[in-house]
Amino acid sequence: MGPRIRTTALVAAVSSLALLTGCGAADMTKQASPFANAEGARTVTLSVQSWVGAQANVAVAQYLLEHELGYRVDTVQIDEVPAWDALSQGRVDALLEDWGHPDEEQRYVEDKKTIVNVGDLGVTGHIGWYVPTYFAKAHPDVTDWKNLNKYADQMRTPESGGKGQLMDGSPSYVTNDKALVKNLDLDYQVVFAGSEAAQITQIKQFAKEKKPFLTYWYSPQWLFEKVPMTEVKLPEYKEGCDADPEKVACAYPHTPLQKYLNADFAKSGGDAAALLKNFRWTTEDQNEVSLMIADQKMSPQEAAKKWVDAHESDWKKWLP
């Protein structure tokens, strides 16, 4: 989520190990995979982000590339902005879920032409502030940001220093939340849970105890199935209202999530590139796979197989 859109859910931690697995000694100019000089190998390298929706896309694409088209697929977990650099350099072939990075789009798609946009994933992403639906039903006015201060005392936690708690995920996520709290004059403190998983654990705990809470969250996300949440209306989003990170006082946008391919791979990637260009599914599809991975604790491969077995009429259309 780029510096302008400042979205967030979405920042994956980069480990040096993950980066190392993404670049071998092979000649990256000829083929994007770290195993480029394996004799006759047909290999595709996909960038995978840390949030579970992005893992669901990659799992299904990987399953089809391997089982229907006979490719070997390598995945590299990499942070959002470095993923663009890796894609431009051909260290990864495809990025299947991008939430909007205007600077990188300008640099690599428009200017350098090393990356191509291959269209919508089919899923619209949105970040917002949410309260549990059980609290919104009891206090309907909490869903307007102007009334949040009225409930700050009820949202207080030991970590929020006498103010209401606004729970965010990882400190590495790029969010507008601190600016929003300041610019909207809200009696809240942003508290970071540490990661998507830690935030989910905390939300489930609050829900189990039927406690009120205010959290930064995003859709699509499978947790809504388990803990119904209602969005708090922030001042309306208008194009450019989040251009200056210090002055943001508006809601987050709704972003049709995009797919990008390395430009050389898009031209010469054959059946693999064709399948990834055609890959387009719904929020419900993504959530179905995400729920299996995150809640039912299936491996991404098992979840992908289960979805593929049940949705042949959908994915058959993606095959070249």
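Let's start with helix α12, residues 300–310. Its buried residues are A303, A304, W307 and V308. Buried means under 20% relative accessible area, exposed means over 50%, and partly exposed is in between, with a 1.4 Å probe and protein chains only. These four residues cover an arc of only 130 degrees around the axis, which puts them on the same side of α12. The arc is taken from the directions from the helix axis to the C-beta atoms. Here is the general rule. An α-helix has 3.6 residues a turn, so residues three or four places apart point the same way.

What do the buried residues of α12 pack against? They pack against α2, α11 and α13, the last at 312–315. Contact here means heavy atoms within 4.5 Å.

A word on the source. This is a predicted model, where local features need pLDDT of at least 70, side-chain atom pairs count only at pLDDT 80 or more, and totals for chains, interfaces and linings use all residues. Residues are numbered from 1 along each chain as its sequence is written, and side-chain values use heavy atoms, with hydrogens and water left out.

Now the whole chain. It has 13 helices and 9 strands. Helices (H or I, at least four residues) and strands (E, at least two) are DSSP runs, numbered from the N terminus. Of the 320 residues, 54% count as buried. Take the contacts with a separation of 6 or more: residues 24 or more positions apart account for 73% of them. The accessible surface comes to about 14,000 Å², and 50% of that belongs to carbon and sulfur atoms. Accessible areas come from the Shrake-Rupley method with a 1.4 Å probe; for residues, only the protein chains shown count as cover.

Next, the cavity. A search of the whole structure finds 1 cavity of 30 Å³ or more. On a 1 Å grid over the protein atoms alone, a cavity is a set of points where a 1.4 Å probe fits but cannot get out; lining residues have an atom within 4 Å of a point. The volume is about 40 Å³. That volume is the space filled by probe spheres set on the points, with grid points joined across faces, edges and corners.

Which residues line the cavity? They are W51, V52, G53, E196, Y218, P220, Q221, W222, Q286, N287 and S290. Helices α2 (52–67) and α11 (283–294) each supply at least two of them. Helix α11 gives the most, with 3 residues. By class, the lining has 5 nonpolar, 5 polar and 1 charged residues. Ala, Val, Leu, Ile, Met, Phe, Trp, Tyr, Cys and Pro count as nonpolar, Asp, Glu, Lys and Arg as charged, and the others, Gly among them, as polar.

Look at Q286, in helix α11. Is Q286 buried or exposed? Buried, because its relative accessibility is 1%. Leaving out residues up to four places away in sequence, Q286 touches G53, A56, N57, E97, L121, V123, P220 and W281. Q286 and V123 are 163 residues apart in sequence, yet 8.2 Å apart in space, C-alpha to C-alpha.

P220 sits in the loop between β7 (214–219) and α8 (223–226). The peptide bond from S219 to P220 is cis, with omega near 5 degrees.

Last, two lysines. K210 lies in the loop between α7 (196–208) and β7. Its phi is positive, about 55 degrees, although K210 is not a glycine. K210 is exposed, with a relative accessible area of 56%. K297 is in the loop between α11 and α12. Its phi is near 60 degrees, again positive in a residue other than glycine. K297 counts as exposed, at 66% relative accessibility.

Key: On a 1 Å grid over the protein atoms alone, a cavity is a set of points where a 1.4 Å probe fits but cannot get out, and a pocket is an open set with protein on both sides within 12 Å along at least five of seven lines; lining residues have an atom within 4 Å of a point.
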